[in-house]
Amino acid sequence: MEFSAIQIATLINGKVEGNPDAKVSKLAKIEEAGAGSLTFLSHPKYVEYLKTTGASVIIISDEIAGEKPANSTFIRVKDSRMAFSILLDAYHKQQFSKTGVEQNAVVAKTAKLGQNVYVGSFSYIGENVSIGNNVHIFPNAYIGDNSKIGDGCIIYPGVKIYFDSVIGKNCKFHSGVIIGSDGFGFVPNSENNYHKMPQVGNVVIEDNVEIGSNTTIDRATMGSTIIRKGVKLDNLIQIGHNVEIGENTVIAAQAGVAGSTKIGRDCMIGGQVGIIGHITIGNGVKIAAQSGIGNDVPDGATLQGSPAFDHFEYKKSYVVFRRLPELKKTIHDLEGNKSK
Amino acid sequence: MEFSAIQIATLINGKVEGNPDAKVSKLAKIEEAGAGSLTFLSHPKYVEYLKTTGASVIIISDEIAGEKPANSTFIRVKDSRMAFSILLDAYHKQQFSKTGVEQNAVVAKTAKLGQNVYVGSFSYIGENVSIGNNVHIFPNAYIGDNSKIGDGCIIYPGVKIYFDSVIGKNCKFHSGVIIGSDGFGFVPNSENNYHKMPQVGNVVIEDNVEIGSNTTIDRATMGSTIIRKGVKLDNLIQIGHNVEIGENTVIAAQAGVAGSTKIGRDCMIGGQVGIIGHITIGNGVKIAAQSGIGNDVPDGATLQGSPAFDHFEYKKSYVVFRRLPELKKTIHDLEGNKSK
Amino acid sequence: MEFSAIQIATLINGKVEGNPDAKVSKLAKIEEAGAGSLTFLSHPKYVEYLKTTGASVIIISDEIAGEKPANSTFIRVKDSRMAFSILLDAYHKQQFSKTGVEQNAVVAKTAKLGQNVYVGSFSYIGENVSIGNNVHIFPNAYIGDNSKIGDGCIIYPGVKIYFDSVIGKNCKFHSGVIIGSDGFGFVPNSENNYHKMPQVGNVVIEDNVEIGSNTTIDRATMGSTIIRKGVKLDNLIQIGHNVEIGENTVIAAQAGVAGSTKIGRDCMIGGQVGIIGHITIGNGVKIAAQSGIGNDVPDGATLQGSPAFDHFEYKKSYVVFRRLPELKKTIHDLEGNKSK
């Protein structure tokens, strides 16, 4: 898609300085922008890049002094950062302009679709599924029987949602996300192998949850695995059966939470963290990357290590760990001294 | 789906106390059950929940004393836990009642399907594939050329099985499982980059293996990557080329096993464990979560740490690790004392 | 597929000793080969397996002395290892012999396909996509709008490539790979929850890159996430937004790289390694499995630990860590001595 400076200026209520017909087709940072790029300048420290940037159009805040490059066009606005953010949102939304059910999709007769819904080719919508308004389901997705998807959700290509799942409004699930697969529940039996516990619960995800690529969320053995509103999960995360994650908690990539653990609200959990099953983690907890959590955690704690403890204490211990060889030598010297 | 108390009582050979027409449509724990829920009561310690539960129907063991709530119906049986388990299985099986090849699936002419097979829409069955009886293949799955799938397998939506794979009976592969992708085999060459080793082996999976969502199992470079019968793999696990995993071994989420390693039978391997390539792990080995295994492990060992050693020894060392700063201070005090 | 000894000998310019009509249908190591298998013998230390192998056809180097088993046929060549490698390549290439767009695929009218392209059933090629020559796209794949795929790429079943991605020549993406999903960019806002940063950049992957199953590569917030030529990524790896990975760097399974980090060329990064965002890692760096990298790393460093430091130093510290309980006892003994 291509836009002219004057089209953009109209959208963000700005004033053109230079060529109103200058064309742009992509967005870039000012230091990296080439011909055909749109960028913005909101802070004096970036003014120096005006000398070298190849950007065709630059949105610039009124308060910024700076000489317009010969090959660039300025759009002057009150707050260029905010104006650019408005443009980014518009750019983003254009990805979701399709509506209707594509010819190659399967939608069960008992499924109900809201208004303004898109269902891409090779997507499969099961029996009694309910899809809200303005939902965008890309190709190759699967929505199992009896599941509910709230208004405004975006389901990227290849997402798989098992039966009975309940999804709130304005959620985004990236490609490869699996919702509602069986929990890992096996009981040793008398023949020295494992009996599978039927996993008959479901997954409930509240509003405004975003889930990254290839993250997996298991259904509850009974009851529900629950992801509260505003939770953000990065890529390749594992959430076990019957886990509950509190509002606005953020978890980085490749972390794992084992079955039946409850995590509070407003937590920040680092990448590759492992959390054991059947524990309770309080509100506002912070956990450093790669830590292992084996016990309940009180509100507001900040932890590190595997097993984890207070992160300041961990850092202090680790400083000594790095110097253990010389410490050992000191001890042996002391011993030698003693035995003299 | 909705069932009445009398329908359920008939199925589990129980006696109704209360309203035989009471309707339920979901399963719940007694402490969480609301109207329309079915639950069970098998242990005296849960009797107190009879005062607060909203369950419409409660399966209760004969031996349990307990007053029926006004809004609930009892079904009396000899062993309510067992009766509930029978119901769970019935509930679970209803997910797999479809048969036949859906119109939008592709099945190669040279493929052979057993009796009572379901192939969902947008699934692709390659040349010379052999599918056993009572196999359930959900939509969006891919079964590559020459692969064999044994009787009773369940292949969830979006599973991808590469060519030449051999799968036993009664296996379950959850969504996003990848079987038979290339092993990570590259050899540095004279031009300072990597030559790909062709990966011409396959994957062999024996009976009763369950594999969790988005777990990946690479094909052998030559020969077979082998998963023995009864093995249970959780989600997001990586199994490298030419690995062999012994009978009934259980591996938790996000663990990884590098190429050519052999793991014995009846092992329990924790989440996020990493196991290096080309080693042998004995039978009955237990490995704590997040451990790293870099050497052969004898039968029956229990390990922790990265690199891992005996888990009791690890715990003892870790206790001291946590107190290293004060230990260091003690040493410095001793040094000071010495030098006086 | 079945081949006779004489067919194979013709292909690799070898001389048959034994039955020219001996048939083989699979490849195996000499110690594991059974009837119907083809194997090779290039090193004297494997000559002993001639007594026990069941291989029907054995490619053997001229320089190897060894008695032909009664049930086997030899094919004599100058270098049996090289000859076998030629056969492996031929075997491998037969997987990619299909061409054309299968009836059940969707290709947008504005998409451009090169010569000799295969697009499997249920694959979706978006608007303005450009596909080079000799590209093989298996079933159930998704290529988003405006993406470019270079000549000779192999896209395995179920790969998802988001819009605007740019892929070089001769890349291989295994099943479940996700290219171009949103970076994990959220900014806390005044209502105590998170505002999503629009992710309007893309992913650029250069030539000869191979990516393992279920690995995820996020698009840049702005600009590009860049994977340089010759990079090899194993399975289940996470690459964050705006990351750049240098030429010929190799990363093992389940490692993760957080946003905006730059990794140099010719690095070797172990399994389950975690690398924090916004740092720079030099060229030729080696990182041991499960390590955590929290700071810039100079060229040529070899690191271990979480947080990582020099791997020799780490090993020395870890040796002492294992003996901490006895060290503590020694210190207490010294204290006791002192206080006497």
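**Notebook: chain symmetry and the contact of chains B and A**

I looked first at how the chains relate, and found that a rotation of 120 degrees with 0.0 Å of shift along its axis superposes chain A on chain C, with an RMSD of 0.1 Å (copies are superposed by least squares on the C-alpha atoms of residues with pLDDT of at least 70 in both). That is the relation of a three-fold axis. I note that this is a predicted model, in which local features need pLDDT of at least 70 and side-chain atom pairs count only at pLDDT 80 or more, while totals for chains, interfaces and linings use all residues. Residues are numbered from 1 along each chain as its sequence is written, chains are lettered from A in the order in which they are written, and side-chain values use heavy atoms, with hydrogens and water left out.

I then asked which residue of chain A comes closest to the rotation axis. A:F122 does, with its C-alpha at 3.5 Å. Chain B is superposed on chain A by a rotation of 120 degrees with 0.0 Å of shift along the axis, at an RMSD of 0.1 Å, and in chain B the C-alpha nearest the axis belongs to B:F122, 3.6 Å from it.

Next I turned to the interface of chain B and chain A. The contact (heavy atoms within 4.5 Å) takes 56 residues from chain B and 61 residues from chain A. I read a buried area of about 4700 Å², of which carbon and sulfur atoms give 62%; this is the accessible area (1.4 Å probe) that two parts lose on being put together, summed over both. B:F122, B:Q290 and B:F321 lose the most area in chain B to chain A, together 11% of what that side buries.

I looked up the salt bridges (a side-chain nitrogen of Lys or Arg within 4 Å of a carboxyl oxygen of Asp or Glu), and the rule finds one across this interface. In that salt bridge the side chains of B:E210 and A:K196 meet, at 2.5 Å from N to O.

Last, I checked C:D21, and asked whether C:D21 counts as buried, exposed or partly exposed. C:D21 counts as partly exposed because its relative accessibility is 49%, where buried means under 20% relative accessible area, exposed over 50% and partly exposed in between (1.4 Å probe, protein chains only). I also noted that the C-alpha atoms of C:D21 and C:I6 are separated by 6.5 Å, with the two residues 15 apart along the chain.
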